[in-house]
Amino acid sequence: MPESHLSPPAVRPPQQPAHLFGWQRNSLTFAVVLALLLGLLLPTTAVLLYDGQKTRATAMEDLKRDLARATEVMALSLAEPVWQVSPDLADPMVKAQMDDPRFVSVQVVEPASSAPFLSQQRPGDVDSDLVLSQTRPIQRDGREIARLTVRMSAAPLLQAKQAEVWRTVWRSMLTLTLSLVLMLWVLQRYVMRPMTELTGAAEALAAGRLDQPLHVGGADEIARVGAAMERMRQALLSAFEALRQHNVNLEETVAQRTAELTTSNAELSEALQTLQTAQRELVESEKLASLGRLVAGVAHELNTPLGNALTVVSTLDDRYKQLEAMLAGNVQMRRSTLEELARDTRRAQDILQRNVQKAADLVRDFKQVAIDQTADLRRDFDLGKVVEDMLVMVEPSFKHTPFVINTELCHGLMMNSYPGALGQVLTNLLMNALLHGFEGVERGRVTLRCAPLNDTEAELSVSDDGRGMDESVRRRIFDPFFTTKLGTGGSGLGMHIVHSIVTNVLGGQIEVRSTPGEGTQMLMRLPRMAPQRAGGEASPSY
């Protein structure tokens, strides 16, 4: 491993803008200023708005109260001047009230006169929303002699309040400005400047410049972070030095281990090749053993019809010798003897025909099965017929046992596949049931079923009512070289060959269902049109 791989990466530090801690939106200064502005302006604005609304309501209430009191006082004061019809006497009283800027107008009207007795109004426009009006009767000795109407405005009071609000606003702005300047000065001196130094040191560490010591003055939190980063820099220097030292030893170890692995790989490759060769030889031996069992079964079956035919031929030879003796004149020829000879000849012909036909059928079926299994050609066939032909070869193994084979076959189920491979699968499954499934069982039954699943698939099952198997055996039944009869003739390849043929050659699936004491079912789903095999129609390596 090169030494440069252990060095810190030379990362170019990112260029920071000159206003990093200035007024850009993502800076701390901007956040502080914004927090200060929001913290002072928003509450102040809310308080001022509330005070404005509250001041207006209070002014209107005060105005209403003062209006009622002033109207009552003026009504009492003007009673004598109105009774004496002396406007000059009433005019000073009204002017004294009009000196109050809140008074808008004062009017006195006698009931019997259309012209007002006294009327004074303040010049200028008045906000009608701030004006309140009240009318009271002027009485003399309990009799109404005139009506007094007074109008007052809350505008002067509100103007004074607004002036006070603006003074408050200017004081707040001045306070905010001074606070902002002081806080920015403190922030720049005790936060921004140390953070700038800390950022530069962090960028140096990120760029791999571990030889530059880190110094951040002060004893606050930022200084403690700087001290921690300095310790981290020193720890990184020690770690890189240890890694460089370890790299030297690691390269030597890697070279040694590589040489050892190369030798081990060569040995393993040779052992794997030997194992694959042995496995192929065992597979071929298993295939030849399967075909040998078929030959033995056919030979056993041919023995019966050929023996019967030989017996009939020997009997006919004796009878024809008797006929030759009669024809030679040595023995008297009788009609009854000729008739008996004719009857025996007819029966013998019938027996010979049936036995020879049976032997011919056996030879024909065996020839077809042998051709299918040795040539492994693809052809169209009736699944039920192929199963029946295969059973002819397997039934001799069951003939002298308490075990029987039942079939539930669907004839006319056409397939385009490999009948030889299918026959070898069924042969292995039936012989496996005979050797393993019925071990220790007095009698049993094997059932073969085939039926269409849909337009493209067929189902083929081999079921027995034997001893079954437990889950540990069921899970490993298709593993190569796994057998429950190790050392007693079992190779452990029969079910592995079955699985390989069903999945790789026939393009189907096989499932094992079994419960101890309740038998076993081998369920196959096969495509009616087998997939094309790579390499033409050459025999596959099972």
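User: What area does the protein chain expose, and what share of it do carbon and sulfur atoms supply?
Analyst: This is a predicted model, in which local features need pLDDT of at least 70 and side-chain atom pairs count only at pLDDT 80 or more, while totals for chains, interfaces and linings use all residues. Residues are numbered from 1 along each chain as its sequence is written, and side-chain values use heavy atoms, with hydrogens and water left out. By the Shrake-Rupley method with a 1.4 Å probe, where for residues only the protein chains shown count as cover, the protein chain exposes about 32,800 Å², and the share supplied by carbon and sulfur atoms is 56%.

User: What percentage of the residues in the protein chain is buried?
Analyst: Buried means under 20% relative accessible area, exposed means over 50%, and partly exposed lies in between (1.4 Å probe, protein chains only). Of the 542 residues in the protein chain, the buried portion is 34%.

User: Why is C410 not bonded to the closest cysteine sulfur, and how far away is that sulfur?
Analyst: A disulfide requires a pair of cysteine sulfur atoms within 2.5 Å, and the structure holds zero of them. C450 contains the cysteine sulfur closest to that of C410, but the gap is too far for a bond, at 6.0 Å.

User: Which of these states, buried or partly exposed, applies to C410, and which to C450?
Analyst: C410 has 27% relative accessibility and so counts as partly exposed. C450, by contrast, has a relative accessible area of 3%, which makes this cysteine buried.

User: Which strands stand at the edges of the five-stranded open sheet?
Analyst: Strands are DSSP runs of E with at least two residues, numbered from the N terminus, as are helices (H or I, at least four residues), and two strands pair if DSSP finds at least two bridges between them. The order in this open sheet of mixed pairing is β6-β8-β9-β11-β10. Two of these strands have a single partner each, so one side of each is left without a neighbour in the sheet: β6 (403-408) and β10 (509-514).

User: Which residue of β11 is the bridge partner of I510?
Analyst: β10 pairs with β11 (residues 520-527) in the antiparallel sense, over six bridges. Within β11, the bridge partner of I510 is M524.

User: At what angle to β8 does helix α7 run?
Analyst: Helix α7 (residues 383-399) lies across β6, β8 (444-452) and β9 (457-464). Axes are lines fitted to C-alpha atoms, for helices over the stretch in contact (heavy atoms within 4.5 Å), and angles between N-to-C directions run from 0 to 180 degrees. On that scale, the angle of α7 to β8 is about 170 degrees.
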